[in-house]
Amino acid sequence: MRRILQEREAILAFVIALILLGVTLRAPDYLDGSSLGNLLSTWGLLAILVMGQLGVLLTRGIDLSQASVLAFSGMFLAQLSQVMPELPALVFVILAIGMGAVLGILNASLITFAGIPPIIATLGTMTIIRGMIYVLSGGAWISSHEMSEAFKAFPAGANLGIPNLFWVATVAFILFWLLYNHRPAGRDVYAYGSNPDAARNAGISRLKVEFLVYSLSGAAAGLCGYLWAGRFAIAYTQAAEGREFAIIAACVIGGVSITGGRGTVLGAGLGALFIAVVETSLPFLRINPFLQLAVIGAVILIAVAANALTERRPGRQILPREGQS
Amino acid sequence: MLDVERLSKRFGGIQALKDVSFHARSGRVLGLIGENGAGKSTIVKCLTGIHSPTSGSIKVNNTPHQFVGPQDASAAGISAIQQEPSMFDDITVAENIFVGRLPKGQAGRVDWTATRSSAQSVLEQIGSDIAPSTMMKHLSVAERHMVSLAQALSTDAQLIIFDEPTAALSQAEIHHLYGIIDDLKAAGKAIIFISHKFDEIFRICDDYVVLRDGELAGSGLISEVSKDDLIAQMVGRELSEIYPKVEAQIGEEVLRVDRFTHPSEFADIGFAVRRGEILGFYGLVGAGRTELMEGIFGLKPVTDGTVTIKGQPIKITSTQDAMRAGLAYVPEDRQRHGAILPFSIRRNISLPKLQDLARGIFVNRPAESRLVDTFADRVSIRASSWRQKVSELSGGNQQKVVIGKWLATNPDIIILDEPTKGIDVGSKAAVHQAIGDLVKAGLAVVLVSSELEEALGISDRLMVMARGRVVAEYDRADFSSETVVAAAAGGI
């Protein structure tokens, strides 16, 4: 299976390369400095969210509250930067992760203690948290000139000519990869998602697994809240609304099964890259701006459907294969 | 090694176990015998820490234990191989063996090299050549049992429980398992062996314990009892004949299948069944019998072949087509394909008949009750009421619900896939009785069975399949176990 998954990932990487090639042939300026930076930043933001979602999907759950957590964290931290303009970027990063993790733990508590199905629990927190942004901001936007310089500098900045968002996502990628491939806690997530009852019998705690994945999903969303607000230099109530679709779609395209137990960090990263490429390339292909959202949705659906078709189980091999007696 | 004293377990109002005491000794095999629902599984669950007993004590090597979770039982040296091993499909064999306790290396990282090599050595110990890096989902049923066994041995268990380990194994695999159990005995392990097959109990066990309705019905040395004694203790009455052949009037042909072919699962299958006839399909597990039946019932596409029902050529592409044509199919895996577990017995049985039970937009409740009473009684389901959820019933009773449900559709042809798999002697007789009633009522029955005694016992004719093809066909007069077994194995 590992071989097939890697094959799948190779196929996806190949498809992405094909799209990149096609786009640059039609619009040679797509992979120029600034737009390449745009692609890497878009990927970075999406990939962090997707890797957070990965663990939740592995446990047969779903976290629909990520976009709300993102917007809430962005708004709260932007306000904080108004009050305390001297705070350095690192503090915002730590606060963003911590705040997201706390909101994730709220999701996990609703699911494990109150026994609410993940889709309902996170749909509820999605709405409540989104509502809290209005309470926090009174509906007002915080725009570029109201934020502190330190707040904006890191998410919008670059190192070695590559956007910081890409670097942050790369670090997150390595951490998630280590967790899901080399830490017992990460492997327990796979076992739990593959067969929850048997996992409990093997002494794997449902509580631990679910608190881990939902707090990671929340932490990823919280971190992205800060990065998003800083990158676009705006915090507003509807930030990232509807982003759930792109996140879940990236997971599915990357080979993460929503029935649990199956999916890799590499696949999630590639799924995010696929969507980032589609999203950033449309303007270069001179697609009518009013059509772009619909085109993105359609391309994603086609990719997900193609995925579902390859998932179909072939029959078993019972008859002797040809050339075999 | 293990002393169980006055063990009791209540689930709500149901007394599942009552004052059961027994002992398992090192280097000996204890057979745990009883009908379905007699409490065998409950005992296994108490011993492995999945349930905690209501009262009574469990002592391992004279130390009393209170198991709070499966980890505790495992730490006390008790390990079980489940009837249908529940493993983790999406991870490797090696990881399955050590799940929840992966070897750790530097800085708490998983030591994959140690995981693979330890897995390799346990698998070699039981003579299995499964590669530790194989994904679990690619394994056959028999191989899954091997991995489950490797898992049990890797915990260095002193007491190993085998819960009907041979139900899905071929003859060769069963013999291999016997060898492994003999080795474990010689190594001083205590073994509890649960089975419904008497030849197996007499082959492998030293001691026995019989349970009936949650209570101890007998115990002693296996060398001092006969099969009839055991059956009498299990059911509390003598069973004169386990496989009675019901004589029915054989009528006209109702189902004919010609040149039936699937790209990878079966090829060139042809047979016909008449009213009042039981046509058996015998073969090893994995010979393609279930796949063939699924093809006939419209559950999978076929590339060639025709189905003729009552003289009419018919195209079946969905289960609705099949049911309209008068076919019914009782699948092998009752939990996954047959019964809707969270529904009550009543709702399961009336499900395929709801259309006929409709009165306006409502279900006609009195008519539903009459229907359910008739068919649930006919297969003698044991339950507190027809409102009980199917998930709460024992395996045998679940199967009876599924058969009852299909009987309610009044089909012309009924396909029964392993109808008595994992079912105890008493319920088997009831199921066979029900099959006899079906053919007497003029139905045609297609019976898929891997149990030779059953296939030979109640079939009028027998088709033998191997590697996706029919390799032999016998009339009842020509039945002989030797030739049938040889045909089933010879197709390789």
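**Helices, salt bridges and surface patches**

User: Which residue forms a salt bridge with Glu149(A)?

Analyst: In this predicted model, the closest N and O atoms of the pair are 3.5 Å apart. That falls within the 4 Å cut-off. Both residues lie in helix H6 (residues 149–156) of chain A, three residues apart, about one turn of the helix. The partner of Glu149(A) is Lys152(A).

User: Is Lys152(A) buried or exposed?

Analyst: Its partner Glu149(A) has 59% relative accessibility and counts as exposed. Lys152(A) has a relative accessible area of 13%. The limit for burial is under 20%, so Lys152(A) is buried.

User: How far apart are the end C-alpha atoms of helix H2 of chain A?

Analyst: H2(A) covers residues 33–58, which is 26 residues. At 1.5 Å a residue it should span 38 Å. The model agrees with this, as the end C-alpha atoms are apart by 36 Å.

User: How many of the residues of H2(A) are buried?

Analyst: Burial here means under 20% relative accessible area. H2(A) has 26 residues and is mostly covered. The buried count is 21.

User: Which residue with a positive phi follows H2(A)?

Analyst: H2(A) ends at residue 58. The phi in question is near 75°. The residue is Arg60(A).

User: How many residues separate Asp182(B) and Arg203(B)?

Analyst: These two form a salt bridge, with the closest N and O atoms 3.4 Å apart. The pair links distant parts of the chain: Asp182(B) is in helix H6 (residues 171–186) of chain B, and Arg203(B) is in helix H7 (residues 198–204). Asp182(B) is partly exposed at 32% relative accessibility, and Arg203(B) is partly exposed at 40%. Their separation in residues is 21.

User: Which residue forms a salt bridge with Lys300(B)?

Analyst: The closest N and O atoms are 3.5 Å apart. Lys300(B) is buried, and its partner is buried too. That partner is Glu294(B).

User: What is the area of the nonpolar patch that includes Leu178(A)?

Analyst: Leu178(A) sits in helix H7 (residues 164–182) of chain A. Patch residues need over 30% relative accessible area, and Leu178(A) has 31%. Val171(A), Ile174(A), Leu175(A) and Trp177(A) complete the patch. Its area is about 450 Å².

User: Which residues form a positive surface patch with Lys208(A)?

Analyst: Lys208(A) lies in helix H10 (residues 206–232) of chain A. At 66% relative accessibility it counts as exposed. The other members are Arg183(A), Lys104(B) and Arg109(B).

Definitions and conventions
Residues numbered from 1 in each chain as written. Chains lettered and ligands numbered in written order. Predicted model: local features only at pLDDT ≥ 70, side-chain atom pairs only at ≥ 80, totals over all residues. Heavy atoms only, no water. Helix = DSSP H or I, 4+ residues; strand = E, 2+ residues; numbered from the N terminus. Expected span 1.5 Å × (residues − 1). Buried < 20%, exposed > 50% of the residue type's maximum accessible area, 1.4 Å probe, protein only. Patch = residues over 30% accessible without salt bridge, like charges linked within 9 Å, V, L, I, M, F, W, Y side chains within 5 Å. Areas by Shrake-Rupley, 256 points an atom, 1.4 Å probe, with all protein chains shown as cover. Salt bridge = Lys/Arg side-chain N within 4 Å of Asp/Glu carboxyl O. Lys, Arg positive; Asp, Glu negative; His and termini not counted. Charge placed at Lys NZ, Arg CZ, Asp CG, Glu CD.
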